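Please walk through the fold below with attention to how its interior is packed, beginning at an enclosed space and moving outwards from there.

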Amino acid sequence: MVSSPHEAMHRVFQDHPGLFSRVGPALGVDFPPYTSFDVMPTDLTELQPVERRVDTLLRFDTERDGSFLLAVEAQGRKDPAKLASWAYYLGYLNSKHEVPPVLLVVCQDRATARWASQPIRIGPAAWTSFAVFPLVAGPHNLPVITDPAEAAEDLALAVLAAVTHAKEPDVGAILKALSAALRDVPEDVANPLAELTAQGLGKLPAADLWRNLMAVDLSFYKSPISQEIRAEGEARALLVVLQARGFELPAATEQKVSECRDSRTLNQWLSRAATADSLDEVFHED
């Protein structure tokens, strides 16, 4: 199953293709500004029943160097089998589209980034017949953005910085800067970026910090995650009221309340809990 961080690390390039040219300096590569771009199909399946799918695939057109393809792979751990897959991707893309491809691997930890940075050499020991040199973005080379003003200048890059530094000690300062920057932009801009950040943090400890920041800084937004945060708060409040009134809560009832994410239902239960004489009165169906 594909994890949330995996999706976020490559999806940000689909949503913000221009981000790649801004990441270039951190990677030590000067790619020219694009004049146009296309989001390409990611299915690399052949006619034979062998399915191969790159995470994100973009085509950039430039005035200086013509066109190139960007294959973005999110990598959460070392996986030797991926090396052959990446070599295949580039060979296939070059043959199919007749446009030079570039591989960008995005990582959340330094060990995986070091592993992914190694050239992939194919051929006998005496001769390298084919070599792949991945570009790797991760906590080792992407900027640590802790200034809200700097985050506001490039929100997509700030999101990528937060996701790739999710396991680093300075992730808290990065997330605080990002939440402050998102507070000052329109909701239709802030919501997708806030959701993408939450997705990228997955179940790491930093995810709890981001949820708390969103509950305070972005509480006026109606994004799915902010609604979920509010529902969690309403569920906790209901449990406190029920316990304060002396009700003994069966484990099933406590789980029912804790897992409910419908604010309307939770508020209805909370209103009943203030005066109900039994749990049946609180949770009866209309």
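Sorted by residue class, the lining of the largest cavity comprises 8 nonpolar and 2 polar residues, with no charged residues. The model is a predicted one, and it holds 1 cavity of 30 Å³ or more; the volume of the largest cavity is about 40 Å³. Its lining is made up of Pro 17, Phe 20, Ser 21, Phe 31, Pro 32, Pro 33, Tyr 34, Phe 60, Thr 62 and Phe 68. Two elements, helix α2 (19-27) and strand β2 (56-62), each contribute at least two residues to this lining.

Among the lining residues, Phe 20 offers a convenient way from the cavity into the surrounding interior. Phe 20 belongs to helix α2, and it counts as buried because its relative accessibility is 2%, where the cut-off for buried is under 20%. Once neighbours within four places in sequence are set aside, Phe 20 is in contact with Phe 13, Phe 31, Phe 60, Phe 68, Leu 70, Leu 104 and Leu 135. Of these partners, Phe 31, Phe 60 and Phe 68 also appear in the lining of the largest cavity. By contrast with these contacts, Leu 238 lies 46 Å from Phe 20, C-alpha to C-alpha, at a separation of 218 residues in sequence.

Which residues have the most contacts inside the largest nonpolar core? They are Phe 13, Phe 20, Val 23, Leu 70, Leu 104 and Trp 210, within a core of 50 residues. Helix α6 (residues 155-164) supplies the largest share of this core, namely 9 residues. A second core, separate from that one, has 23 residues, including Ala 71, Leu 90, Tyr 92 and Cys 107. Returning to Leu 70, and not counting residues up to four places away in sequence, one finds that Leu 70 touches Phe 20, Thr 56, Leu 57, Leu 58, Phe 60, Val 102 and Leu 104.

The next stop is strand β4, where Val 106 is placed. Val 106 has a relative accessible area of 0% and is therefore buried. Apart from neighbours within four places in sequence, the contacts of Val 106 are with Met 9, Phe 13, Val 72, Glu 73, Ala 74, Gln 75, Ala 137, Leu 160 and Thr 164. One of these, Val 72, is 34 residues from Val 106 in sequence, and the two are 7.4 Å apart in space when taken from C-alpha to C-alpha.

His 6, in helix α1 (residues 4-15), also counts as buried, because its relative accessibility is 19%, and buried means under 20%. With neighbours within four places in sequence left aside, His 6 is in contact with Asp 55 and Ala 74. The C-alpha atoms of His 6 and Leu 242 are separated by 40 Å, with their positions 236 residues apart along the chain.

The cysteines can be considered next. Cys 107 is buried because its relative accessible area is 0%, and Cys 260 likewise counts as buried, with a relative accessibility of 13%. With a disulfide taken as a pair of cysteine sulfur atoms within 2.5 Å, the count comes to 0 disulfides.

Is Glu 98 buried or exposed? Glu 98 counts as exposed because its relative accessibility is 69%, the cut-off for exposed being over 50%. Glu 98 is found in the loop between α3 (80-97) and β4 (101-107), and although it is not a glycine it has a positive phi of about 55°. Most residues other than glycine have a negative phi. Arg 114, placed in helix α4 (residues 110-117), is likewise exposed, because its relative accessibility is 56%. The C-alpha atoms of Arg 114 and His 140 are separated by 8.9 Å, while the two residues are 26 residues apart along the chain.

It remains to set these details within the chain as a whole. The protein chain has 13 helices and 7 strands, and its C-alpha atoms fill a box of roughly 80 × 45 × 30 Å along the principal axes. Of its 286 residues, 47% are buried. Among the contacts in the chain with a separation of 6 or more, 63% are between residues 24 or more positions apart.

Notes: Residues numbered from 1 in each chain as written. Predicted model: local features only at pLDDT ≥ 70, side-chain atom pairs only at ≥ 80, totals over all residues. Heavy atoms only, no water. Buried < 20%, exposed > 50% of the residue type's maximum accessible area, 1.4 Å probe, protein only. Core = buried A, V, L, I, M, F, W, Y, C linked by side-chain atoms within 4.5 Å. Helix = DSSP H or I, 4+ residues; strand = E, 2+ residues; numbered from the N terminus. Contact = heavy atoms within 4.5 Å. 1 Å grid on protein atoms, 1.4 Å probe; cavity = no way out; pocket = protein on both sides within 12 Å on 5 of 7 lines; lining within 4 Å. Points joined across faces, edges and corners; volume = space filled by probe spheres on them. Nonpolar A, V, L, I, M, F, W, Y, C, P; charged D, E, K, R; others polar.
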